[in-house]
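Work through the following exercises with the sequence and the 3D structure at hand. Each task is followed by a solution in steps.

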Amino acid sequence: MTKIPVTTVEGLYKLTELLALTATEDTDYAAEIKGADDRSYFIVDNSQGSAAVNISLVPGAFSAGDTKELGSVAKGKTALLYVDSAFSKTAEGVSISIAPAGVGTKLCAVEFLPASNN
């Protein structure tokens, strides 16, 4: 399973550059979300992709339950997936699947820690 880099946002009024996985030649991915209970999401950037991709939440190293098919992100589009921490069996991450692989889709994971004004 390939790891998606996680961008952690730790305060208000700060610009935070997104970390992205651009080499999506695999089908199974995981993001270690550790400190953002119900404040995390994935970005599926298929704006430069050569085909539509199907996205699913999948059980794995971090996730419990059954596979949950979420839908498709069309070629040339970007989608946001808000993640409920209930899908994380270890409270440390979420696993997703993307098919087909190798079409140029970029993946990001973001967690928001409790906001502070500093």
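## Overall description

The accessible surface of the protein is about 6500 Å², and carbon and sulfur atoms account for 51% of it. The model is a predicted one.

## Exercise 1: Secondary structure and contacts

Task: State the secondary structure content of the protein, the share of buried residues and the share of contacts between residues 24 or more positions apart.

Solution. Step 1: count the elements. The protein has zero helices and nine strands, so the order from the N terminus is β-β-β-β-β-β-β-β-β by the way DSSP runs are numbered.

Step 2: turn to burial. Of the 118 residues, 38% are buried.

Step 3: take the contacts with a separation of 6 or more. Residues 24 or more positions apart make up 79% of these.

## Exercise 2: The sheet of four strands

Task: Give the strand order of the open sheet of four strands, and explain why β2 and β7 each have one side without a neighbour.

Solution. Step 1: trace the order. It is β2-β9-β4-β7, and the pairing is mixed.

Step 2: find the edges. β2 (6-9) and β7 (77-83) each have a single partner strand, so each is left with one side that has no neighbour in the sheet. From one strand to the next, the twist averages 20°.

Step 3: inspect one pair. β4 (residues 40-46) and β7 run antiparallel and are joined by seven bridges. Within this pairing, Phe42 has Leu81 of β7 as its bridge partner.

## Exercise 3: The sheet of five strands

Task: Give the order of the open sheet of five strands and describe the pairings of β5.

Solution. Step 1: trace the order. The strands follow one another as β1-β3-β8-β5-β6, again with mixed pairing.

Step 2: find the edges. β1 (2-3) and β6 (68-73) have a single partner strand each, so one side of each lacks a neighbour in the sheet.

Step 3: take β5 (residues 53-57) and β8 (residues 94-99). They run antiparallel with four bridges between them, and Asn54 is the bridge partner of Ala99 in β8.

Step 4: take β5 and β6. This pair is also antiparallel, with five bridges; Ile55 stands opposite Gly71 in β6.

Step 5: check the cover of β5. Four of its five residues are buried.

## Exercise 4: The nonpolar cores

Task: Which residues touch the most other members of the largest nonpolar core, and which strands each supply at least two residues?

Solution. Step 1: identify the residues. The core has 20 residues, and Ile4, Phe42 and Ile96 touch the most other members.

Step 2: assign the strands. At least two residues come from each of β3 (28-31), β4, β5, β7, β8 and β9 (106-112).

Step 3: look beyond this core. Another core of five residues lies apart from it and includes Val9, Ile43, Cys108 and Val110.

Step 4: follow Ile4. Leaving aside residues up to four places away in sequence, its contacts include Leu21, Tyr29, Phe42, Ile96 and Leu107.

## Exercise 5: Thr105

Task: Is Thr105 buried or exposed, and which side chain joins that of Thr105 in a polar contact of 2.8 Å?

Solution. Step 1: locate the residue. Thr105 lies in the loop between β8 and β9.

Step 2: apply the cut-off. Buried means under 20% relative accessible area; Thr105 has 1% relative accessibility and therefore counts as buried.

Step 3: find the polar partner. The side chains of Thr105 and Asn46 are joined by the 2.8 Å contact.

Step 4: list the surroundings. Not counting residues up to four places away in sequence, Thr105 touches Leu21, Thr22, Thr24, Val44, Asp45, Asn46, Val53 and Ile98.

Conventions: Residues numbered from 1 in each chain as written. Predicted model: local features only at pLDDT ≥ 70, side-chain atom pairs only at ≥ 80, totals over all residues. Heavy atoms only, no water. Pairing = 2+ DSSP bridges. Axes fitted to C-alpha atoms, helices over the stretch in contact; angles between N-to-C directions. Core = buried A, V, L, I, M, F, W, Y, C linked by side-chain atoms within 4.5 Å. Buried < 20%, exposed > 50% of the residue type's maximum accessible area, 1.4 Å probe, protein only. Contact = heavy atoms within 4.5 Å. Polar contact = N/O pair within 3.5 Å; in protein donor to acceptor, adjacent residues only side chain to side chain. Areas by Shrake-Rupley, 256 points an atom, 1.4 Å probe, with all protein chains shown as cover.
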